[in-house]
Amino acid sequence: MGCATSMTAANRSVVSTTESKLLTNKQRYIIKKTWKVMCSNITGHGIKVFLRIFQLHPHVKQLFPCRDVEGEDLLRDSNFKGHASRFMQAVGAAVENIDDIEAALTPLLTGLGKQHIQFTGFKNEYFDAFTEAMMYAWHEELKGQFSGETSLAWATVFEFIMHKLKEGHAAALANSDKVQQNLESNDQIASK
C-alpha cells in the first residue's frame, strides 16, 4: 500500500475466497487512501502513538526499556523508535491485507498478542490505550480528512487489531497459568 517498510501477514500468502465483511468497499478505499499519508513517516507516526499512550497512561511506560528516558533522549532511543516502527508496520500489514483482513491477519495479530506475555506487568486492558492513541495520532496527521466515514473506518480497523492482540495475549496467559499449575502439581508430587 505504498510503504515498502510495512510487513505482510507474516510474509505468507493467504488464499481466501471470501471478502472481508469487516469493512465496506468504500471504507477499504478510504483506509488505503489515507494510509498513504500515515505511512509517509512510519516511525514518526508510531512515536506519536506511543507518546500519546504515555501521556494518557504514564504507568504503561514502565513496561518499556526506555521507562526512565525522557524528552529528546526518548525520541532518539533506538528501542523506542524500533517498537514504534514495528507497531506501525503491523498497522501497514492490516492495510495491505484490508480486502481479507480477518483471514490474513488473525494469526499474525494473535501471535503478537501472545508475545506481550513476556512483558512483566502487562495487562490485556493496556491494548485499549492504543485505539485512543491511534485515533488521536491519525486525527492530528490527517486533520480535516479524518472525520465521519474516515474516522469510523479507521476505528473499525483499530478495534479489530486490538481485539486480535487481546485474544492472543489472553490465550498466552491462560496457557501460562496451565503450565504453572502443572509445574506446581509436579513439584507437589516430587516432594512426596
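## Worked exercises on an all-helix model

Tyr-136 lies in helix α6. The model is predicted. The exercises start at this residue and then move out to the helices around it.

**Exercise 1. Find how exposed Tyr-136 is, and how far its C-alpha atom is from that of Arg-52.**

Solution.
- Step 1: place the residue. Tyr-136 belongs to α6.
- Step 2: read its accessibility. The relative value is 32%.
- Step 3: apply the cut-offs. Under 20% is buried and over 50% is exposed. Tyr-136 therefore counts as partly exposed.
- Step 4: go to Arg-52. Tyr-136 and Arg-52 are 84 residues apart along the chain. Their C-alpha atoms are separated by 7.8 Å.

**Exercise 2. Describe the surroundings of Glu-141: which residues is it in contact with, leaving aside neighbours within four places in sequence?**

Solution.
- Step 1: locate it. Glu-141 is also in helix α6.
- Step 2: classify it. Relative accessibility is 29%, so Glu-141 counts as partly exposed.
- Step 3: list the partners. With those neighbours set aside, Glu-141 is in contact with Val-37, Met-38, His-45 and Lys-48.
- Step 4: check one partner by distance. Glu-141 and His-45 are 96 residues apart in sequence. From C-alpha to C-alpha, the two are 8.3 Å apart in space.

**Exercise 3. Work out how α1 and α6 are arranged, and which residues make their contact.**

Solution.
- Step 1: take the geometry. Helix α1 covers residues 25–38. It packs on α6 at an angle of about 80°, and the axes are 10 Å apart.
- Step 2: name the arrangement. Angles of 65 to 115 degrees count as roughly perpendicular. That makes α1 roughly perpendicular to α6.
- Step 3: list the contact. α1 supplies Thr-34, Trp-35, Val-37 and Met-38. α6 supplies Ala-137, Trp-138, Glu-141 and Leu-142.
- Step 4: sort by class. The contact of α1 with α6 has 6 nonpolar, 1 polar and 1 charged residues.

**Exercise 4. Now take α4 and α6: find the relation of the two helices and the residues that meet.**

Solution.
- Step 1: geometry again. The axes of α4 and α6 come within 14 Å and cross at roughly 85°.
- Step 2: relation. α4 and α6 are therefore roughly perpendicular to each other.
- Step 3: residues. Phe-87, Met-88 and Val-91 in α4 meet Phe-130, Met-134 and Trp-138 in α6.
- Step 4: class. This contact of α4 with α6 has 6 nonpolar residues, no polar ones and no charged ones.

**Exercise 5. Decide whether α4 and α5 are roughly parallel or antiparallel, and give the makeup of their contact.**

Solution.
- Step 1: set the ranges. α4 spans residues 78–96 and α5 spans residues 101–115.
- Step 2: read the angle. The two helices pack at about 160°, with axes 9 Å apart.
- Step 3: apply the cut-off. Over 145 degrees counts as roughly antiparallel. So α4 is roughly antiparallel to α5.
- Step 4: add the handedness. The crossing of α4 past α5 is right-handed.
- Step 5: list the contact. Ala-90, Ala-93 and Ala-94 come from α4. Ile-101, Leu-105, Leu-108 and Leu-112 come from α5.
- Step 6: sort it. The contact of α4 with α5 has 7 nonpolar residues, with no polar and no charged ones.

**Exercise 6. Two loop residues, Ile-98 and Lys-143: for each, is it buried or exposed?**

Solution.
- Step 1: Ile-98 sits in the loop between α4 and α5. Its relative accessible area is 0%, so Ile-98 is buried.
- Step 2: look along the chain. Ile-98 and Leu-22 are 76 residues apart in sequence, yet 9.2 Å apart in space, C-alpha to C-alpha.
- Step 3: Lys-143 lies in the loop between α6 (128–142) and α7 (149–190). Relative accessibility is 57%, so Lys-143 counts as exposed.
- Step 4: check the backbone. Most residues other than glycine have a negative phi. Lys-143 is not a glycine, but has a positive phi of about 50°.

**Exercise 7. Sum up the whole protein: how many helices and strands does it have, and what share of its residues is buried?**

Solution.
- Step 1: count elements. The protein has 7 helices and 0 strands. From the N terminus on, the order is α-α-α-α-α-α-α.
- Step 2: burial. Of its 192 residues, 43% count as buried.
- Step 3: surface. The accessible surface is about 10,400 Å², and 51% of that belongs to carbon and sulfur atoms.
- Step 4: contact range. Take the contacts with a separation of 6 or more. Residues 24 or more positions apart account for 81% of these.

Methods
Residues are numbered from 1 along each chain as its sequence is written. This is a predicted model: local features need pLDDT of at least 70, side-chain atom pairs count only at pLDDT 80 or more; totals for chains, interfaces and linings use all residues. Side-chain values use heavy atoms; hydrogens and water are left out. Axes are lines fitted to C-alpha atoms, for helices over the stretch in contact, and angles run from 0 to 180 degrees between N-to-C directions. Helices (H or I, at least four residues) and strands (E, at least two) are DSSP runs, numbered from the N terminus. Angles under 35 degrees count as roughly parallel, over 145 as roughly antiparallel, 65 to 115 as roughly perpendicular and the rest as oblique. A crossing is left-handed if the near helix is turned anticlockwise from the far one by less than a right angle, and right-handed if clockwise. Contact means heavy atoms within 4.5 Å. Ala, Val, Leu, Ile, Met, Phe, Trp, Tyr, Cys and Pro count as nonpolar, Asp, Glu, Lys and Arg as charged, and the others, Gly among them, as polar. Buried means under 20% relative accessible area, exposed over 50%, partly exposed in between (1.4 Å probe, protein chains only). Accessible areas come from the Shrake-Rupley method with a 1.4 Å probe; for residues, only the protein chains shown count as cover.
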